[in-house]
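Let's sit down together and learn to read a protein model, one feature at a time. Bring your questions as we go.

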Amino acid sequence: MNLDDLPLQIQNMRQRVALLQRRSEQQKAQEDIELITDVFKELYLALEEMQIANKDLHQQNEKLFSAQQSLIAQNQRYQELFEGVPDAYLVTDPKGVIQEANSAANTLLNISKNFLLGKPLANFVLEKELIAFHLKLNHLRDRAAIPNWKMQEWEVSLRPRDKTSITIAVKVAAIRNRQGNLVGLRWLLRDISESKRTQAKLQWAEEAMRQALAKEREFSELKSRLIVTTSHEFRNPLATIHSSAELLEHYRHLWSDERQQIHLRRIQTSAMHITQLLNDVSVLNQDETGKLEFNPTPLNLVEFCRDLLEELKQSDRF
């Protein structure tokens, strides 16, 4: 029996009973028995129809109740999953107005659900990125007509209530009805501010390491050149000392005092030059180990240049 026809059948039954009642009032007494019989027949048929309808209605109520309980259980499971997601999860309409939010979203944006629902997500976007955010949102709506439209991902800076801005990784997916039309958007928001700061620190550390290695290579090359140069510088005064000492050893008794003094001064000058070279090497070693102290003193530049030229001239003579 179709429950949609039940009201019409009840109305027809009422009309038949009313007709029998009018006929019973118009006819004679000997015909009352036949009329009563007909009335009982009509009532019996009506009761059978009502019983069938009641049985169908009871079965349908049981099905509706079972479907309702299944829907409640499914909604509860969805709500538990929705609230159990560790990342912020939002459901918005196609324009980005928040319709649902889990506890993680409330914590992320530092605002209760009562004040969050009904607010555009754009309210929390930094002003400098607001135009780009709206362009992204419009692009999502424009692409909604594409059946195979997949999840979109990007990064955006949000400012939670009464907090400093944070960097968020956004994942957005479409919500469609049975006709395939876009009816909403699902948003998954993850705070990546700390990872961004860590990444920046790592990049800074890598750059500092590259600079340190470059300085180390430069210093190593400088030290190698210094060793070569110092070795060459040591050879000249050592050769002078050696030659003057040999000459004095073999010819001192044949030379005058003045000539001997010349060779002695050469030995002394060469020894002083070696001492100066050793002092320079010691200064470089102190600089390498970080023990070099900076004690600036006034310098007579003219006298310094004169002494330097004199040393160079003596080196050329040797």
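**Reading the model, step by step**

A: Of the 318 residues of the protein, 21% count as buried. Please keep in mind that this is a predicted model.

Q: How much surface does the protein expose, and what share do carbon and sulfur atoms supply?

A: The protein exposes about 23,800 Å², and 55% of that comes from carbon and sulfur atoms.

Q: How many helices and strands are there, and what pattern do they follow along the sequence?

A: The protein has 8 helices and 5 strands. Reading along the sequence, you meet them as α-α-β-β-α-α-α-β-β-β-α-α-α. As for contacts between residues at least 6 apart in sequence, 45% of them join residues at least 24 apart.

Q: Now the sheet, please. In what order do the strands lie, and is the pairing parallel or antiparallel?

A: First the general idea: backbone hydrogen bonds pair the strands of a sheet, in either a parallel or an antiparallel way. In this structure, 5 strands make an open sheet with the order 2-1-5-4-3, and the pairing is antiparallel. Strand 2 and strand 3 (152-158) are the edge strands, each pairing on one side only. From one strand to the next, the twist averages 30°.

Q: Which residues stand opposite each other in strand 4 and strand 5, and how many bridges pair the two strands?

A: Strand 4 (residues 166-176) pairs with strand 5 (residues 182-191) over 9 bridges, in the antiparallel sense. Look for alanine 174, which stands opposite leucine 185 in strand 5. When you trace side chains there, remember that in a regular strand they alternate between the two faces of the sheet.

Q: What do strand 1 and strand 2 form, and which residue in the turn has a positive phi?

A: These two strands form a hairpin, with 5 residues between them. The residue to find in the turn is glycine 96, whose positive phi is about 90°. Strand 1 (residues 88-92) and strand 2 (residues 98-101) run antiparallel and are joined by 3 bridges. Across this pairing, valine 91 stands opposite glutamate 100 in strand 2.

Q: Let's turn to salt bridges. How many does a search of the whole structure find?

A: For this feature, look for a side-chain nitrogen of Lys or Arg within 4 Å of a carboxyl oxygen of Asp or Glu. The search of the whole structure finds 5 salt bridges. One of them joins the side chains of aspartate 87 and arginine 190, at 2.6 Å from N to O. Aspartate 87 sits in the loop between helix 2 (32-84) and strand 1, while arginine 190 belongs to strand 5, so this pair ties together parts that are 103 residues apart in sequence.

Q: Are those two partners buried or partly exposed?

A: Aspartate 87 counts as buried because its relative accessibility is 15%, and the cut-off for buried is under 20%. Arginine 190, at 47% relative accessibility, counts as partly exposed.

Q: Which parts does the salt bridge of glutamate 155 and lysine 196 tie together?

A: The side chains of glutamate 155 and lysine 196 meet at 3.2 Å, N to O. Glutamate 155 is in strand 3 and lysine 196 is in helix 6 (residues 193-251), so the pair ties together parts that are 41 residues apart in sequence. Both count as partly exposed: glutamate 155 at 45% relative accessibility and lysine 196 at 33%.

Q: Where do glutamate 207 and arginine 210 lie?

A: Both of these residues lie in helix 6, 3 residues apart, which is about one turn of the helix. Glutamate 207 and arginine 210 form a salt bridge, with their closest N and O atoms 2.6 Å apart. Glutamate 207 is partly exposed, with 33% relative accessible area, and arginine 210 is partly exposed too, with 47%.

Q: Is asparagine 106 buried or exposed, and which residues is it in contact with beyond its sequence neighbours?

A: Asparagine 106, found in helix 3 (residues 103-109), is buried, with a relative accessible area of 15%. Leaving aside neighbours within four places in sequence, asparagine 106 is in contact with Ala101, Ile111, Ser112, Lys113 and Leu116.

Q: Which residues form a nonpolar patch on the surface?

A: The patch is formed by Leu299, Leu301, Phe304 and Leu308, which together have about 410 Å² of accessible area. Leucine 308 is in helix 8 (residues 301-317), and at 38% relative accessibility leucine 308 counts as partly exposed.

Methods:
Residues numbered from 1 in each chain as written. Predicted model: local features only at pLDDT ≥ 70, side-chain atom pairs only at ≥ 80, totals over all residues. Heavy atoms only, no water. Patch = residues over 30% accessible without salt bridge, like charges linked within 9 Å, V, L, I, M, F, W, Y side chains within 5 Å. Areas by Shrake-Rupley, 256 points an atom, 1.4 Å probe, with all protein chains shown as cover. Helix = DSSP H or I, 4+ residues; strand = E, 2+ residues; numbered from the N terminus. Buried < 20%, exposed > 50% of the residue type's maximum accessible area, 1.4 Å probe, protein only. Pairing = 2+ DSSP bridges. Contact = heavy atoms within 4.5 Å. Axes fitted to C-alpha atoms, helices over the stretch in contact; angles between N-to-C directions.
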